[in-house]
Amino acid sequence: MTVQQHSTKRIEARTRESDVVAMPVPRQGERPAAYADRVGEWYVSRKSARHRKDHGLYLTPVPVADFMAVKIASRTGRVRVLDPAAGAGVLCCSAVESLVCRDLGPKHVEVVAFEIDQDLIAPLKAVLAYLV
């Protein structure tokens, strides 16, 4: 699976050699968490109920992710965010956004994201690339 970004700002998700689908692109000034939410909704709309159930595909709403993100304690200059079921990256994005916007936020934030749905890896990578 690969993620390709073209000069026209079109991002493609390739899950099989013959299967290329244009994903949503970030809007100018869009929060990474909001972009992740749009990508997640786009992805879910293309999957069957069976696929969503088999892969435990339940996306975290942005307001819930934002609420959780403000609860992250930052006692040192370094924070590691672990998301064992990253989906489209909404929680990862909200966490990083919250941490970097703090007056005394950490100097280094590391994101470790895992996802078992192989078809969701490319969209997740595109979202995390936008986050950076």
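**Close-up views of salt bridges, core and surface**

**View 1. Arginine 31 counts as partly exposed, at 34% relative accessibility.** The model shown is predicted. Glutamate 97 is the salt-bridge partner of arginine 31, and their closest N and O atoms are 2.6 Å apart. Because arginine 31 belongs to the loop between strand S3 (19–23) and H1 while glutamate 97 belongs to helix H4, the pair ties together parts that are 66 residues apart in sequence. Glutamate 97 has a relative accessibility of 13% and therefore counts as buried, since residues under 20% are classed in this way.

**View 2. A salt bridge joins the side chains of arginine 38 and glutamate 30.** The N-to-O distance of this pair is 2.8 Å. Glutamate 30 is buried, its relative accessible area being 12%. Arginine 38 is one of the buried residues of helix H1.

**View 3. Helix H1 spans residues 32–45 and is mostly covered.** This helix has 14 residues, and the distance from its first C-alpha to its last is 20 Å, close to the 20 Å expected at 1.5 Å a residue. Of the 14 residues of H1, 10 are buried. Among them are Pro32, Tyr35, Val39, Gly40 and Trp42.

**View 4. The largest nonpolar core contains 18 residues.** Cys93 and Val127 have the most contacts inside this core. Two or more of its residues are given by each of H1, H3, helix H4 (90–100) and helix H5 (121–131). H1 provides the largest share, seven residues. In soluble globular proteins, nonpolar side chains tend to be buried together.

**View 5. Valine 127 is shown with the residues that it touches.** Leaving aside residues up to four places away in sequence, valine 127 touches Pro32, Tyr35, Ala36, Val39, Ala88 and Cys93. Of these neighbours, Pro32, Tyr35, Ala36 and Val39 are listed among the buried residues of H1.

**View 6. Aspartate 54 and arginine 50 form a salt bridge within helix H2.** Their side chains meet at 3.4 Å, N to O. Helix H2 covers residues 49–54, and the two partners lie four residues apart, about one turn of the helix. An α-helix has 3.6 residues a turn, so residues three or four places apart point the same way. Aspartate 54 is partly exposed, with a relative accessible area of 47%, whereas arginine 50 is exposed, at 56%. Elsewhere, Arg31, Asp66 and Glu97 are joined into one network by salt bridges that share partners.

**View 7. Val64, Phe67 and Met68 make a nonpolar surface patch.** The area of this patch is about 280 Å². Phenylalanine 67 is situated in helix H3, residues 62–69. With a relative accessibility of 52%, phenylalanine 67 counts as exposed, because the class begins over 50%.

**View 8. The chain as a whole is composed of five helices and five strands.** Read from the N terminus, the order of its elements is β-β-β-α-α-α-β-α-β-α. The chain has 132 residues, 37% of which count as buried. Among contacts between residues at least 6 apart in sequence, 65% join residues at least 24 apart. The accessible surface amounts to about 8000 Å², and carbon and sulfur atoms account for 54% of that area. The structure holds seven salt bridges, including those between arginine 31 and glutamate 97 and between arginine 38 and glutamate 30.

How values were computed. Residues numbered from 1 in each chain as written. Predicted model: local features only at pLDDT ≥ 70, side-chain atom pairs only at ≥ 80, totals over all residues. Heavy atoms only, no water. Patch = residues over 30% accessible without salt bridge, like charges linked within 9 Å, V, L, I, M, F, W, Y side chains within 5 Å. Areas by Shrake-Rupley, 256 points an atom, 1.4 Å probe, with all protein chains shown as cover. Salt bridge = Lys/Arg side-chain N within 4 Å of Asp/Glu carboxyl O. Buried < 20%, exposed > 50% of the residue type's maximum accessible area, 1.4 Å probe, protein only. Expected span 1.5 Å × (residues − 1). Core = buried A, V, L, I, M, F, W, Y, C linked by side-chain atoms within 4.5 Å. Contact = heavy atoms within 4.5 Å.
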